[in-house]
Each structure stands twice: as C-alpha cells, then as structure tokens.
Amino acid sequence: MLHRKNALYYRTLNGAQVGDLFMSLIHTCELSGSNPFDYLTALQKHPTELVANPSVWMPWNYTETLARVGV
C-alpha cells in the first residue's frame, strides 16, 4: 500500500511514465493557453500528420496547423 501511495497509485513503472507524459502535456497546454482536451483530441484525429511533422503539433502552434490541414 505504501508503494502505491508513493507512486501516485500507478501499478507499474510504465503506467507511471505514461501518467507523467499526460500530466506534462496537460500542464504545457495550460501554460500555453491551449485547451488540453481539444489538443489531445486533435492529436488523436491526425496521427499520420503528427508522425510526419511533430514540431507543428505543439500545444502553442497546433491551431495554425489545424487551419492548414483544413479542419
């Protein structure tokens, strides 16, 4: 129980790393003034474009990319 409490209730190290990744993305969205839900939804809707050019899909510039993609 103490281990799970200290690990923020993640059961595995991989689960904790995934949780850290999402918390970091959400916080970065908040700092850049983007809506985290809208940002993560846009990433899920455009996986091939994201893989092809990840730098244009950052929280601070993804809205311009969506406009170029035509969404």
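## A five-helix chain and the packing around α3

Buried residues make up 21% of the 71 residues in this chain, and the model from which this value was computed is a predicted one. The secondary structure comes to five helices and zero strands, so that, read along the sequence, the chain follows the pattern α-α-α-α-α. The accessible surface of the chain comes to about 5,400 Å², and 62% of that surface belongs to carbon and sulfur atoms. If one takes the contacts between residues at least 6 apart in sequence, 27% of them join residues at least 24 apart.

### The loop before α3

Between α2 (13-32) and α3 (36-45) there is a loop, and Ser34 lies in it. Is Ser34 buried or exposed? Its relative accessibility is 14%, and because buried means under 20%, Ser34 counts as buried. Leaving out residues up to four places away in sequence, Ser34 touches Cys29, Pro59, Trp60 and Tyr62. The side chain of Ser34 also makes a polar contact, at 3.4 Å, with the side chain of Ser32.

Asn35 has a part at the beginning of the helix that follows, for it caps the N-terminal end of α3, with a side-chain oxygen that lies 2.9 Å from the backbone nitrogen of Phe37. Pro36 is found in helix α3 itself, and with a relative accessible area of 18% Pro36 is buried. When neighbours within four places in sequence are set aside, Pro36 is in contact with Ile26, Cys29 and Glu30. The C-alpha atoms of Pro36 and Leu25 are separated by 7.6 Å, although these two residues are 11 residues apart along the chain.

### Two helices with a buried face

Which residues of α3 are buried? They are Pro36, Tyr39, Ala42 and Leu43, and, seen down the axis of α3, they fall within an arc of 130°, which means that they line one face of the helix. A general feature of helices helps in reading such a pattern: an α-helix has 3.6 residues a turn, so residues three or four places apart point the same way. On the other side of α3, Phe37, Gln44 and Lys45 are exposed.

In α5 (62-69), the residues Tyr62, Thr65 and Leu66 are buried, and, seen down the axis of α5, these buried residues fall within an arc of 100°, so they too line one face of their helix. Ala67 and Arg68 are exposed on the other side of α5. The table sets out the two helices side by side.

| Helix | Buried residues | Arc of buried residues | Exposed on the other side |
|---|---|---|---|
| α3 | Pro36, Tyr39, Ala42, Leu43 | 130° | Phe37, Gln44, Lys45 |
| α5 | Tyr62, Thr65, Leu66 | 100° | Ala67, Arg68 |

What do the buried residues of α3 pack against? They pack against α2, α4 (47-52) and α5, while the buried residues of α5 pack against α3. After α5 comes Gly70, whose phi is positive, near 100°.

### A nonpolar patch on the surface

Some nonpolar residues lie on the surface, where Val18, Leu21, Phe22 and Ile26 form a nonpolar patch with about 320 Å² of accessible area together. Leu21, one of these residues, is found in helix α2. Ile26, another member of the patch, is also one of the residues in contact with Pro36.

Note on methods: Residues are numbered from 1 along each chain as its sequence is written. This is a predicted model: local features need pLDDT of at least 70, side-chain atom pairs count only at pLDDT 80 or more; totals for chains, interfaces and linings use all residues. Side-chain values use heavy atoms; hydrogens and water are left out. Helices (H or I, at least four residues) and strands (E, at least two) are DSSP runs, numbered from the N terminus. Buried means under 20% relative accessible area, exposed over 50%, partly exposed in between (1.4 Å probe, protein chains only). A polar contact is a pair of N or O atoms within 3.5 Å; within protein, one must be able to donate a hydrogen and the other to accept it, and residues adjacent in sequence count only if both atoms are side-chain atoms. Contact means heavy atoms within 4.5 Å. The arc is that of the directions from the helix axis to the C-beta atoms. Patches are made of residues with over 30% relative accessible area and no salt bridge: like charges are joined within 9 Å, nonpolar side chains (Val, Leu, Ile, Met, Phe, Trp, Tyr) within 5 Å. Accessible areas come from the Shrake-Rupley method with a 1.4 Å probe; for residues, only the protein chains shown count as cover. A salt bridge is a side-chain nitrogen of Lys or Arg within 4 Å of a carboxyl oxygen of Asp or Glu.
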